[in-house]
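Trainee: I'm new to this one and would like a close look at a single part of it. Could you walk me through that spot and then show me how the rest is laid out around it?

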Amino acid sequence: MTNDCVIRHGTVILEGGEVICDVAVKDGKISQIGQDLAGAETIDASGLVVSPGMVDGHAHITSMGGGYRDEWEGYETGTAACAKGGITTIVEMPLNQIPSTTDGSSLQAKYDSGKNQLRVDDASLGGLVPFNLGGGIQELDEGGVCGYKCFLATCGDRSIEGDFQNVDDYSLYEGMRQIAKTGKVLSIHCENAAVTDTLGERAVAAGAHTLKEFVESRPVLTEVEAVRRAIFFAKVTGCRINICHCTCFEAVEEVIRAREEGVDVTCETCPHYLYFTTDELDAIGATTKCTPPIRDKAEQEGLWRHLFDGGLSMVVSDHSPCTPDLKDKANPFDAWGGVSSIQTCMDVMFDEGVQKRGMSLERFAQVMAADAADRFGLTQKGRITVGKDADLCLIKPNSPHTLKAEDLEYRNKISPWIGRTIGCQVVRTILRGTTTYSLEGGVTSSHDGTFILV
């Protein structure tokens, strides 16, 4: 066999553990794993960890601004940041683009907008909203979405035609019934809208003006109640579900109990919930504002425990960027709620999980790649196995660097990690056998990504 490329002498994360070996690539697939392999091109990975490229199960890209969000993160910059950060596949959310992805025509418009723009592979979620229960879910399924997304928390701008909307209980129930028939997964943003909206309004009326007060206006109970409700509806309808961006260990424990009862449910968390805590938010600023909010140290430690023991299935970015003016508000209650994070997921999690807390490399690869690929039916992704897509991330351990704004590929250079020292580096990203980023050469100019239809 004549291989196109061989990655040699790296510490390769395989199922069952890591091995110092070679990985060969032919026609975009992993063709061989072993010793002393030969290929037309050789990449020396000595001293590096060779991980599956990250499968980011939760990413927001605004490819279509609709005249309202034209300066937000598009495919060009968003997927360049993915490449620089070691991500090879994203599961793209059906918002914040205009129109949101809620039927066949809006899904096709998204596909059209991404032509010759992608540096990673992209699997799309369709939306579950109150206005697409009359056929939109079926059109999305036929169009190849890998799953669906809904909000129990209030979302969307009602003044913008085509913007996303949160579900009421009937829409959730009926939508789950319809999605169950597709066999695909519904990802759910779980917060109790009535309680969080009212607490937020009362806090502002009483003069609240800090991020700590914002967190207090969205207490743990509002997340846990919504998780319980989603799980109960899943039991009734048979819909497979994924609980988005868990911020508290109590929510994860609800998922664990439900799984033990036979409910098909998983949950995810994000690096910002595992890195930052409530007490430091006001010192950092609104770059850390998100919903559900970043919680205290006890909740964070509970998330880490569940990440190690398997209660949490995935780490995702929930990259939700905006323009600087939407973060630069006198009162952070008025600021956009979303963290720009897609470029820093792999290195932050390797540093915080593997280097600082002793997470095994096998577990690291599971939570960053394999579990998301499995959950969303991305059968060629997430593992270094012969026959899978040759999607790889090469990481240099114990190589600290301090993140600067100019290092970011984002359209708007916003990140709460600016000025933070991260103890490792992504030095190369390979998508289906093609290098999309290298430390010495930067992000390549080619657009080798494609939309994945499921």
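Leaving aside its neighbours within four places in sequence, which residues is Thr89 in contact with?

Mentor: Happy to. Keep in mind that this is a predicted model, so what follows describes a prediction. Your residue, Thr89, sits in strand S7, which runs over residues 87–92. If you set aside the neighbours within four places in sequence, Thr89 is in contact with Met54, Val55, Asp56, Val120, Asp121, Leu378, Lys381, Asp391 and Ile452. Is Thr89 buried or exposed? Its relative accessibility is 0%, and the cut-off for buried is under 20%, so Thr89 counts as buried.

Now step back along the chain to Gly86, in the loop between helix H1 (75–84) and S7. Gly86 has a relative accessible area of 0% too, so this glycine is buried. Leaving out its neighbours within four places in sequence, Gly86 has contacts with Gly53, Met54, Met346, Cys393, Val426 and Thr429. You've met Met54 already, as one of the residues that Thr89 is in contact with. For a sense of distance, take Asn331, which is 245 residues from Gly86 along the chain: the two C-alpha atoms are separated by 35 Å.

Go back further and you reach Thr62, placed in the loop between strand S6 (54–59) and H1. With a relative accessible area of 7%, Thr62 is buried. Beyond the neighbours within four places in sequence, the contacts of Thr62 are Arg69, Trp72, Glu73, Gly74, Asn96 and Gln97.

On the other side of S7, look at Pro99, in the loop between S7 and helix H2 (104–113). Ile98 and Pro99 are joined by a cis peptide bond, with omega at about 5°. There's another cis bond at Thr291 and Pro292, where omega is about -10°. Pro292 also belongs to a loop, this one between helix H10 (281–284) and helix H11 (297–309).

While we're on backbone details, two residues other than glycine have a positive phi. His245 has phi near 30°, and you'll find this histidine in the loop between strand S11 (240–243) and H8. Its relative accessibility is 1%, so His245 counts as buried. For Asp318, phi is near 45°; that residue is in the loop between strand S13 (314–315) and helix H12 (324–327). At 8% relative accessibility, Asp318 counts as buried as well.

The loop of His245 leads us to a pair of helices. H7 (residues 220–237) and H8 (residues 249–260) have axes that come within 9 Å and cross at roughly 20°. Angles under 35 degrees count as roughly parallel, and H7 and H8 are therefore roughly parallel to each other. The crossing of H7 past H8 is right-handed. On the H7 side, the residues that meet H8 are Val220, Glu223, Val224, Val227, Arg228 and Ile231, while H8 brings Glu250, Ala251, Glu254, Val255 and Ala258. Sorted by class, the residues of this contact of H7 with H8 are seven nonpolar, no polar and four charged.

Another pair takes us back towards your starting point, since Met346, one of the contacts of Gly86, is part of it. Helix H13 (residues 345–355) packs with helix H14 (residues 361–375) at an angle of about 145°, and their axes are 11 Å apart. This crossing, too, is right-handed. H13 makes the contact through Cys345, Met346, Met349, Phe350 and Val354, and H14 through Leu361, Phe364 and Met368. By class, the contact of H13 with H14 has eight nonpolar, no polar and no charged residues.

Finally, the whole thing. The protein has 14 helices and 20 strands. Its radius of gyration is 21 Å, close to the 22 Å that the globule rule gives for 454 residues, so the protein is as compact as a globular protein of that length. The C-alpha trace spans about 65 × 45 × 45 Å along the principal axes. Buried residues make up 61% of the 454 residues, and Thr89, where you began, counts as one of the buried ones. Of the contacts with a separation of 6 or more, 75% are between residues 24 or more positions apart.

Definitions and conventions
Residues are numbered from 1 along each chain as its sequence is written. This is a predicted model: local features need pLDDT of at least 70, side-chain atom pairs count only at pLDDT 80 or more; totals for chains, interfaces and linings use all residues. Side-chain values use heavy atoms; hydrogens and water are left out. Helices (H or I, at least four residues) and strands (E, at least two) are DSSP runs, numbered from the N terminus. Buried means under 20% relative accessible area, exposed over 50%, partly exposed in between (1.4 Å probe, protein chains only). Contact means heavy atoms within 4.5 Å. Axes are lines fitted to C-alpha atoms, for helices over the stretch in contact, and angles run from 0 to 180 degrees between N-to-C directions. Angles under 35 degrees count as roughly parallel, over 145 as roughly antiparallel, 65 to 115 as roughly perpendicular and the rest as oblique. A crossing is left-handed if the near helix is turned anticlockwise from the far one by less than a right angle, and right-handed if clockwise. Ala, Val, Leu, Ile, Met, Phe, Trp, Tyr, Cys and Pro count as nonpolar, Asp, Glu, Lys and Arg as charged, and the others, Gly among them, as polar. The radius of gyration is taken over C-alpha atoms; the globule rule is 2.2 Å times the number of residues to the power 0.38.
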